[in-house]
2 protein chains.
Amino acid sequence: MTTGLRERKKLRTRRALGAAALELAVTHGLAEVTVEQIAEAADVSPRTFFNYFSSKEEAVVAADVERARDMGERLAARPAGEPVLESVRAVMRAMLGDAPRSREWIAQARLVKSEPSLVPQQLAAYAASERRLTAILAERTGLDATDLYPAVTAAAVMAAMRVATTRWLESDEHGDLAGVVDRVIDLLADGLRDAPAPGP
Amino acid sequence: MTTGLRERKKLRTRRALGAAALELAVTHGLAEVTVEQIAEAADVSPRTFFNYFSSKEEAVVAADVERARDMGERLAARPAGEPVLESVRAVMRAMLGDAPRSREWIAQARLVKSEPSLVPQQLAAYAASERRLTAILAERTGLDATDLYPAVTAAAVMAAMRVATTRWLESDEHGDLAGVVDRVIDLLADGLRDAPAPGP
DNA sequence: CCGCAAATATGCAGAGACTGCAAGATCGGC
DNA sequence: GCCGATCTTGCAGTCTCTGCATATTTGCGG
């Protein structure tokens, strides 16, 4: 089932637009970039841009949606018996290991941090990941899609990942992100039991 | 420290704009409502609208930000020794008890469900709640503001609340929301342990 | 190969969103 | 009552975003 030429071309266009939007925004600042410029950089008409994205902001965070898909596929590939939080741990470790992708991802995260108008779109992209994760967890556990367990788990996990990456960026990217991810997963697994003893 | 006339007036204007935006969007559909109409309904100039909100969408979900403040105050008022998740449980119960506010809140939630462009803004509003909650938890537990525990707890709790309300709305508002909230909190407290047995 | 039907891309026109700026109107304290 | 600070407003102008009609491309059966 090789996807037809049509679909591949569409995907390429979407990626080109997203990449162009991100790069232009990083170098010139989001406000200085117009849709026209993004379209030109991706070699399509401005009108076509809006066939793919409904705003500049959405295009800039398009890569997050792809990461969501990636994460979903990796999770689905984990052994069925593995505890959910451990699967997540393993998947995150693997994804963070992909250095080139990580670089682009960090650039985007920094941009979002400096451009408040991107925050809502970024969160919407995370929500897409969450829906995907919910579906996978429901299938994995054999629970009904309307059960609360898969939904709450997916939401909590995505929220924790978001916190991990945010904190890591805020701390000047000290230490390794994988370690932070480990710690937030531990917190979830411990049931958010009351405060650990204040540090030294 | 009675807040000055100036501040009170600003707050009234903000609320008037938010309420007008919500009501107009509910009755006519978001796309059919212009900023000019919202401004007129709130008795200010269109230009002034943009001094308060940066888009229609933001105005429509403005009430969420107020709810965030409310939730924050209620949480801060809980006894210091109470386990965090129990405080959240109690606060949610109390907030849901306020029927008139709940009505408006449900109307807004339904609108968001039917207008996808509101989702990002809604999530951003939740993020504001989350920041507030993080600060309160940090103070309560005496942990440093950069510690992961308050941030992860706040994020997980807000995510769970979001799931609870979404599911409740999707299930035709059967049963009581308070019960759903109880169940999602239980899931968090149990550390998202692997799947409960599939239902009957 | 050809030609048709569906899917995409593009151009165009227009309503509206949003912003910077400068001029008025109000508030709060002295 | 006066002054500085703050808010509101109008205006001009750019850019976003959409609907619609038209051209172009792709996938497929003949």
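Which side chains meet in a salt bridge between B:E130 and its partner in chain A, and at what N to O distance? In this predicted model, the side chain of B:E130 pairs with that of A:R162, at 2.9 Å from N to O.

**Figure 1. The contact between chain B and chain A.** Chain B and chain A each give 42 residues to the contact. About 3300 Å² is buried between the two chains, and carbon and sulfur atoms give 71% of this area. On the side of chain B, the residues that lose the most area to chain A are B:L148, B:Y149 and B:L192, together 20% of what that side buries.

**Figure 2. Polar links and helices at the interface.** The interface of chain B and chain A holds 2 salt bridges, one of them between B:E130 and A:R162. There are also 12 residue pairs in polar contact across the interface. On chain B, the elements giving two or more residues to this side are helix 6 (84–97), helix 8 (119–141), helix 9 (148–170) and helix 10 (177–189). Helix 9 of chain B gives the largest share, 11 residues. By class, this side of chain B has 27 nonpolar, 7 polar and 8 charged residues.

**Figure 3. The protein surface near DNA strand C.** Among the 20 residues around DNA strand C, those that come nearest are A:T48, A:Y52, B:L5, B:R6 and B:R47. Of the strand's atoms within 4 Å of the protein, 61% belong to sugar and phosphate. Helix 3 of chain A supplies the largest share of this surface, 4 residues. The surface residues divide into 6 nonpolar, 7 polar and 7 charged.

**Figure 4. Single contacts with DNA strand C.** An N or O atom in the side chain of A:K10 is 3.1 Å from a phosphate oxygen of the strand. For B:V35, a backbone N or O atom lies 3.1 Å from a phosphate oxygen. A backbone N or O atom of B:S54 lies 3.4 Å from a sugar or linking oxygen.

Technical notes:
Residues are numbered from 1 along each chain as its sequence is written. Chains are lettered from A and ligands numbered from 1 in the order in which they are written. This is a predicted model: local features need pLDDT of at least 70, side-chain atom pairs count only at pLDDT 80 or more; totals for chains, interfaces and linings use all residues. Side-chain values use heavy atoms; hydrogens and water are left out. Contact means heavy atoms within 4.5 Å. Buried area is the accessible area (1.4 Å probe) that two parts lose on being put together, summed over both. A salt bridge is a side-chain nitrogen of Lys or Arg within 4 Å of a carboxyl oxygen of Asp or Glu. A polar contact is a pair of N or O atoms within 3.5 Å; within protein, one must be able to donate a hydrogen and the other to accept it, and residues adjacent in sequence count only if both atoms are side-chain atoms. Ala, Val, Leu, Ile, Met, Phe, Trp, Tyr, Cys and Pro count as nonpolar, Asp, Glu, Lys and Arg as charged, and the others, Gly among them, as polar. A residue is near a molecule or strand if one of its heavy atoms lies within 4 Å of it.
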